[in-house]
There are 2 protein chains.
Amino acid sequence: MTSRTQPAPDVPRKVLSAAGGVNRSLEAMEYAVRGQLVLRAEALARQLSRRVPDSQPSPSESPLPFHSVVYCNIGNPQSVGQKPISFVRQVLAAIMCPTLIAPDAPAVFPSDVVQRARDVLAASHGVGAYSESRGLPFVRARVAKAIHRRDGFPSHPDNIFLSNGASDSVKVLLSMLLRTPTDGVMIPIPQYPLYSASMTALNGAQVGYYLDEDNAWGLGVDELQLRLDEARGRGITVRALVVINPGNPTGQVLSEQNLKDIIHFCERENLVIMADEVYQKNVYTEEKPFVSFKKVVSELRSQVELASFHSVSKGVMGECGLRGGYMEVLNMDQYVNELIYKLFSVSLCSNIVGQVAVDLMMTPPEQGDPSYELYNSEVTNIYESLRRKAIAMSDGLNAFEGVRCNPSEGAMYLFPRITIPPAAVTEAKNLGLASADVMYCLEMLEATGICVVPGSGFGQRKGTYHFRTTFLPSEKEIPGVIDRMHRFHQQFMLKYS
Amino acid sequence: MTSRTQPAPDVPRKVLSAAGGVNRSLEAMEYAVRGQLVLRAEALARQLSRRVPDSQPSPSESPLPFHSVVYCNIGNPQSVGQKPISFVRQVLAAIMCPTLIAPDAPAVFPSDVVQRARDVLAASHGVGAYSESRGLPFVRARVAKAIHRRDGFPSHPDNIFLSNGASDSVKVLLSMLLRTPTDGVMIPIPQYPLYSASMTALNGAQVGYYLDEDNAWGLGVDELQLRLDEARGRGITVRALVVINPGNPTGQVLSEQNLKDIIHFCERENLVIMADEVYQKNVYTEEKPFVSFKKVVSELRSQVELASFHSVSKGVMGECGLRGGYMEVLNMDQYVNELIYKLFSVSLCSNIVGQVAVDLMMTPPEQGDPSYELYNSEVTNIYESLRRKAIAMSDGLNAFEGVRCNPSEGAMYLFPRITIPPAAVTEAKNLGLASADVMYCLEMLEATGICVVPGSGFGQRKGTYHFRTTFLPSEKEIPGVIDRMHRFHQQFMLKYS
């Protein structure tokens with residue numbers, strides 16, 4: 001073919017380009033949890049791994065001052081050594097390869113695993129077929145029953161929508177709410193950037209409300225009212241309130257009275273409640289058990305429109321990679337329920353393995369089942385370890401000079417406040433960085449290999465600086481992580497003081 | 001609590017409601033493949049299943065004139081009996097439950113399955129951890145190698161983005177392209193409604209181009225030029241061209257010369273090519289082997305921006321429920337590549353099981369591997385069966401009076417054209433139905449239990465009527481399906497003649 005050696009025809013310019021060639025809202029979007037810090041961490045990790053085979057750094061690579069990159073940037077427990085729950089994985093393996101549980105096959109799994117897998121296969125076309133758009137009916141029915149058991153109030157399977165993690169459901173709901181650029185949704189500051197990023201992409205107005213750092217990251221209704229009124233004064237039609245409970249990145253757990261006040265506020269102000277409750281099993285304080293919005297809305301017989309989100313990625317399963325989650329809606333118009341159904345249809349359905357994982361999370365083995373003992377010991381060990389790590393890490397951070405950290409009542413994160421010397425703030429400005437905490441985190445990464453996320457990625461009061469760190473590394477590693485952070489912090493303070 | 005017995009506080013109205021309460025673009029969206037027909041089919045299926053336990057229809061239920069609902073509405077092979085490929089499921093079960101392949105565990109899988117699973121586990125944190133946003137690096141590297149083998153031209157792992165099926169990638173690309181309501185993308189008529197639905201949701205302009213039914217659903221560049229010029233005349237900025245090859249719902253396979261012409265057209269007119277190639281393994285004609293856009297673009301040394309899509313849902317694997325797929329981009333600005341990365345980040349990553357399934361699809365066992373013989377026989381059987389069913393079904397349909405059906409060169413569908421009597425067209429109008437083929441399909445469903453999708457859901461020339469049917473039911477069932485369709489068709493024609 002002659003064209004092989006000819007130059008390409010003259011293409012005037014790229015269609016998709018930085019010069020106005022792509023949707024501006026998407027360009028404006030920020031997602032710090034997977035941002036600049038993480039890209040740099042991945043580059044460092046590659047540098048380290050290249051040195052492993054022959055242990056000889058290539059001349060161009062200066063040796064790094066650490067031996068491993070520690071990812072504390074994201075709640076991804078199994079990436080830092082947490083083991084999966086055996087029962088969950090056994091059932092999923094059995095439905096993946098049903099010959100493993102054929103009647104004539106040698107027994108490789110406990111009998112309740114086999115039964116559970118057979119039930120799934122009998123009630124579905126297996127993991128290889130699309131399900132109904134909102135998820136397998138029998139999974140939705142069982143999730144509804146589990147919610148009933150949790151809260152004492154019924155749940156309807158047709159109000160359950162299974163999705164790839166919780167994120168997809170959150171995006172669907174936001175996309176319905178935001179009709180024009182003057183439609184707004186209230187989100188906490190600090191918040192999980194899924195919300196800010198999705199709203200930027202959807203070109204909606206973010207109405208931030210501050211959590212009270214001096215009061216254990218409390219959520220006050222006075223603050224909600226203030227920010228709502230301000231936003232309305234600016235011409236924003238505020239349509240919904242996002243509450244993350246337990247908090248991300250802040251780790252606070254809301255009391256039942258607090259939920260009541262929030263519900264009354266949303267009723268009065270006509271707001272949909274979006275309750276991000278993915279950390280409901282990650283509560284480390286006995287004084288404040290997790291209470292779902294669904295329960296309190298039901299107790300109050302409130303008609304407020306509610307969407308609550310849950311996921312297999314967190315809790316003690318930590319099955320991030322399976323991408324399973326659900327949204328339960330309550331008090332929604334039937335029209336709206338059908339619209340959600342249609343929006344889910346365009347993605348056909350969420351992955352079936354993740355759907356079944358949701359069922360296994362919501363209805364685990366019971367006392368007396370062959371798998372119960374192992375299940376219970378695995379779950380207890382993971383939970384107790386998380387709890388100890390949360391305390392060890394916040395105690396450790398609070399011992400740093402110029403660092404103050406609320407303890408984690410729940411979730412998987414700490415959000416310490418750091419005092420940054422004025423010289424460092426100036427230096428960050430000179431470097432063109434968005435915030436001084438970005439520089440702090442970048443320098444921490446280069447010095448220690450520990451990857452955390454700057455507070456500015458989540459939002460914070462002007463003039464304050466934070467970072468978010470998980471407490472997910474193994475218990476053996478935690479003291480070393482704290483120690484590396486501490487030495488870095490001292491050097492940073494010295495450097496810029 | 002006193003509030004339990006009190007009526008709920010007065011909520012003025014629902015926030016989310018039909019009365020202007022939700023994003024209008026989403027309300028306007030249509031997705032026929034999972035629309036009205038399917039909802040009715042599911043209701044009928046429930047009616048049938050309720051009658052099974054005691055075989056006594058409840059008094060309110062009139063017995064249906066069929067014993068089963070046959071879903072021909074969607075390319076979902078495993079829902080209608082297709083078996084999964086053993087090798088694929090064994091590897092996935094092993095990575096799901098690594099104790100199955102522990103050194104001391106009894107051997108339940110062939111040695112190449114064990115090795116493959118160990119490789120996956122060694123190169124990742126297993127299926128329970130989030131991967132890098134665009135997918136596991138080693139899977140992307142292997143996909144790139146497989147594309148190189150397929151086409152003879154290199155592929156770069158950083159140009160591969162793994163997603164939950166192909167749909168998510170398609171939506172990401174469209175969302176980048178469509179900046180304002182006057183930005184448009186060319187889509188075939190008829191087309192797979194993912195494109196029209198996503199574009200309606202994104203508020204972009206759909207620029208339809210007709211496939212030539214009388215010429216085996218051919219894609220002519222003259223037609224592309226005509227529709228492009230028309231759209232530009234209306235003030236539309238046309239930015240991309242969607243080509244589905246093999247066609248959905250139309251089943252045509254494009255020749256290499258045709259691809260060249262299309263590429264030259266897109267170069268000349270500065271359009272991004274979106275190549276939906278998910279049916280690349282579903283080609284049933286020896287005269288027109290599948291040729292990828294990537295290959296021809298590379299041969300021509302063209303600089304045209306290309307995104308091509310592939311999925312584990314189709315081919316011979318038919319693993320719809322796993323939700324695995326990839327997008328390969330070529331000739332994109334680095335800025336744009338990074339923007340795609342960011343957009344993927346907000347969903348964290350696609351499910352890992354689906355990612356590994358993509359690897360297994362692209363790099364199957366080779367001759368000499370312990371699993372090869374079984375793999376090869378399973379794949380061959382499924383492929384040959386699909387091919388025979390495609391022929392049986394189009395031959396069957398072409399024997400109906402007033403039905404004309406192009407044979408399927410590829411994919412999983414037939415799109416027969418039906419002559420609908422004027423009285424039926426009038427009746428459909430009186431019933432307020434969008435098109436007479438909706439009535440035809442609804443009546444077919446009620447009479448036969450066979451669920452197909454009206455042509456109007458895909459787009460068709462004004463005054464013509466079609467439906468889309470898969471040819472996926474088992475070979476044993478196909479004659480019965482054709483027979484039921486035939487008897488219905490005769491009755492329909494009689495009723496309205």
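**View 1. The interface of chain B and chain A in the predicted model.** In this predicted model, 101 residues of chain B are in contact with 101 residues of chain A. Together the two chains bury about 8,800 Å². Carbon and sulfur atoms give 58% of that area. Three residues, L16(B), R34(B) and Y130(B), supply 9% of the area that chain B buries against chain A. No other three residues supply more.

**View 2. Polar pairs and elements across the interface of chain B and chain A.** The rule finds zero salt bridges across this interface. It does find 44 residue pairs in polar contact, both residues at pLDDT 80 or more. On the side of chain B that touches chain A, several helices give two or more residues each. Among them are helix 1 (24–28), helix 2 (36–51), helix 6 (167–177) and helix 7 (193–201) of chain B. Helix 3, helix 9 (256–269), helix 11 (334–345) and helix 12 of chain B also belong to this set. Helix 11 of chain B gives the most, with seven residues.

**View 3. The rotation axis relating chain B to chain A.** A rotation of 180° superposes chain B on chain A, with 0.0 Å of shift along the axis. The RMSD is 0.0 Å. The two copies are therefore related as by a two-fold rotation axis. Both copies use the same surface: 100% of the contact residues of chain B recur in chain A. Of the residues of chain B, A93(B) comes closest to the axis, its C-alpha at 2.2 Å.

**View 4. Helix 3 of chain B and its cover.** Helix 3 of chain B spans residues 86–96. It is mostly covered, with 10 of its 11 residues buried. The buried set is F87(B), V88(B), R89(B), Q90(B), V91(B), L92(B), A93(B), A94(B), I95(B) and M96(B). A93(B), the residue of chain B closest to the rotation axis, is thus one of the buried residues, with under 20% relative accessible area. The cover comes from both chains. From chain A it includes helix 3 (86–96) and helix 12 (352–362). From chain B it includes helix 4 (111–122), helix 12 (352–362) and helix 13 (372–398).

**View 5. Domain 1 and domain 2 of chain A.** The domain assignment gives domain 1 of chain A as 24–81 + 376–496 and domain 2 of chain A as 123–362. Their C-alpha centres lie 28 Å apart. In contact are 37 residues of domain 1 of chain A and 40 residues of domain 2 of chain A. The two domains bury about 3,100 Å² between them. Of this, 54% is on carbon and sulfur atoms.

**View 6. Polar links between domain 1 and domain 2 of chain A.** The count between these domains is four salt bridges. K288(A) and E409(A) meet through their side chains in a salt bridge, 3.1 Å from N to O. The domains also share 19 residue pairs in polar contact, both residues at pLDDT 80 or more. On the side of domain 1 of chain A that touches domain 2 of chain A, helix 1 (24–28), helix 13 (372–398), strand 10 (413–414) and strand 14 (465–470) of chain A each supply at least two residues. The largest share, six residues, comes from helix 13 of chain A.

**View 7. S302(B) in its loop.** S302(B) sits between helix 10 (293–299) and strand 7 (306–311) of chain B. Its relative accessible area is 3%, so S302(B) is buried. A polar atom of the S302(B) side chain lies 3.0 Å from the backbone nitrogen of V304(B).

Notes: Residues are numbered from 1 along each chain as its sequence is written. Chains are lettered from A and ligands numbered from 1 in the order in which they are written. This is a predicted model: local features need pLDDT of at least 70, side-chain atom pairs count only at pLDDT 80 or more; totals for chains, interfaces and linings use all residues. Side-chain values use heavy atoms; hydrogens and water are left out. Buried means under 20% relative accessible area, exposed over 50%, partly exposed in between (1.4 Å probe, protein chains only). Helices (H or I, at least four residues) and strands (E, at least two) are DSSP runs, numbered from the N terminus. Contact means heavy atoms within 4.5 Å. Copies are superposed by least squares on the C-alpha atoms of residues with pLDDT of at least 70 in both. Domain bounds come from an automatic or database domain assignment. Buried area is the accessible area (1.4 Å probe) that two parts lose on being put together, summed over both. A polar contact is a pair of N or O atoms within 3.5 Å; within protein, one must be able to donate a hydrogen and the other to accept it, and residues adjacent in sequence count only if both atoms are side-chain atoms.
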